[in-house]
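Thanks for coming. I have one structure to go through today, and I will keep to side-chain contacts and one helix. Please have a look at it on the screen.

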Amino acid sequence: MRIVIAGGHGQIALRLERLLAARGDEVAGIIRKAEQAEDLREAGAEPVVLDLESASVDEVAERLRGADAAVFAAGAGPGSGVARKETVDKAAAVLFADAAVQAGVRRFVIVSSMGADPRHQGDEIFDVYLRAKGEADAYVRGLDALDWTVLRPGQLTDDAGTGLVRLEARTGRGPIPRDDVAAVLAELVDTSATAGLTLELISGSTPVSVAVKSVAGN
């Protein structure tokens with residue numbers, strides 16, 4: 001498969017790129033800064049320098065053309081303000097989805113957040129973030145041209161992955177290592193039977209591949 005990842009230098013994305021490259025997939029990661037390119041090459045991914053906050057749909061679609069799947073793993077990051085929650089967490093996700101439709105890439109996985117909700121109330125930065133993520137999810141879920149899956153991890157940690165997770169429509173809150181989020185994404189990209197599902201993810205007792213097959217109805 002050829003898989004294009006938005007936010008290619010993110011902590012989850014770099015882990016995902018290593019996993020996909022190791023299993024023989026062709027991976028490209030979209031990054032904002034040319035100096036990030038070497039990290040992607042070391043992960044086995046092709047770096048694509050493109051700023052999703054200023055790019056057009058046509059420009060992004062050109063980078064997506066020929067891909068088998070697209071993964072939106074970009075984020076403004078914890079140190080960013082309200083404005084970038086709107087321009088990255090929401091607008092860039094919408095742009096990437098529209099570009100996937102234009103490029104004819106049906107399989108689309110978006111990394112969201114537990115608690116994401118377009119109706120979330122509040123004016124704190126985290127409130128704006130959850131609302132922006134919720135609005136992005138809602139937009140993607142409205143696109144009939146995409147075989148979408150929304151993944152909503154719990155509290156992200158840098159603990160070593162265990163390969164054991166809980167993946168359901170509703171899990172309740174809990175932590176999840178970034179390693180395990182990446183492992184689940186690698187399985188989801190390959191499992192189109194999860195299309196149309198919004199899934200929460202925390203650490204649990206089920207091996208990743210079994211958890212993904214279970215929600216896919218296998």
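Arg84 is partly exposed in this predicted model, because its relative accessibility comes to 26%, and the buried class ends under 20%. What does Arg84 meet in a salt bridge? The partner is the side chain of Glu53, with N to O at 2.7 Å. The two sit in distant parts of the chain, 31 residues apart: Arg84 belongs to helix α4, and Glu53 to the loop between β3, residues 46–49, and α3. Glu53 also counts as partly exposed, at 33% relative accessibility.

Next, a pair between strands. The side chains of Arg2 and Glu26 form a salt bridge, 2.6 Å from N to O. Arg2 is in strand β1 and Glu26 is in strand β2, residues 26–31, so this pair ties together parts that are 24 residues apart in sequence. Is Arg2 buried or exposed? Arg2 counts as buried, because its relative accessibility is 14% and the cut-off for buried is under 20%. Glu26, on the other hand, has a relative accessible area of 45%, so Glu26 is classed as partly exposed.

A third pair is Glu168 with Arg166, where the closest N and O atoms are 3.0 Å apart. Both partners are partly exposed: Glu168 has a relative accessible area of 31%, and Arg166 has 34%. There is also a network, in which salt bridges with shared partners join Arg15, Asp158, Arg178 and Asp179. How many salt bridges are there by this rule? The count comes to 15.

Now to the helix I mentioned, α3, which covers residues 57–64. Which residues of α3 are buried? They are Val60, Ala61 and Leu64. Around the axis these three cover an arc of only 100°, which means they lie on the same side of α3. The general background is that an α-helix has 3.6 residues a turn, so residues three or four places apart point the same way.

What do the buried residues of α3 pack against? They pack against two strands, β1 at 2–6 and β4 at 69–72, and against helix α4 at 82–103. Two of these elements have come up already: β1 holds Arg2, and α4 holds Arg84.

One backbone detail to finish. After α3 comes Gly66, and the phi of Gly66 is positive, near 90°. That is all I have.

Note on methods: Residues numbered from 1 in each chain as written. Predicted model: local features only at pLDDT ≥ 70, side-chain atom pairs only at ≥ 80, totals over all residues. Heavy atoms only, no water. Buried < 20%, exposed > 50% of the residue type's maximum accessible area, 1.4 Å probe, protein only. Helix = DSSP H or I, 4+ residues; strand = E, 2+ residues; numbered from the N terminus. Arc of directions from axis to C-beta. Contact = heavy atoms within 4.5 Å. Salt bridge = Lys/Arg side-chain N within 4 Å of Asp/Glu carboxyl O.
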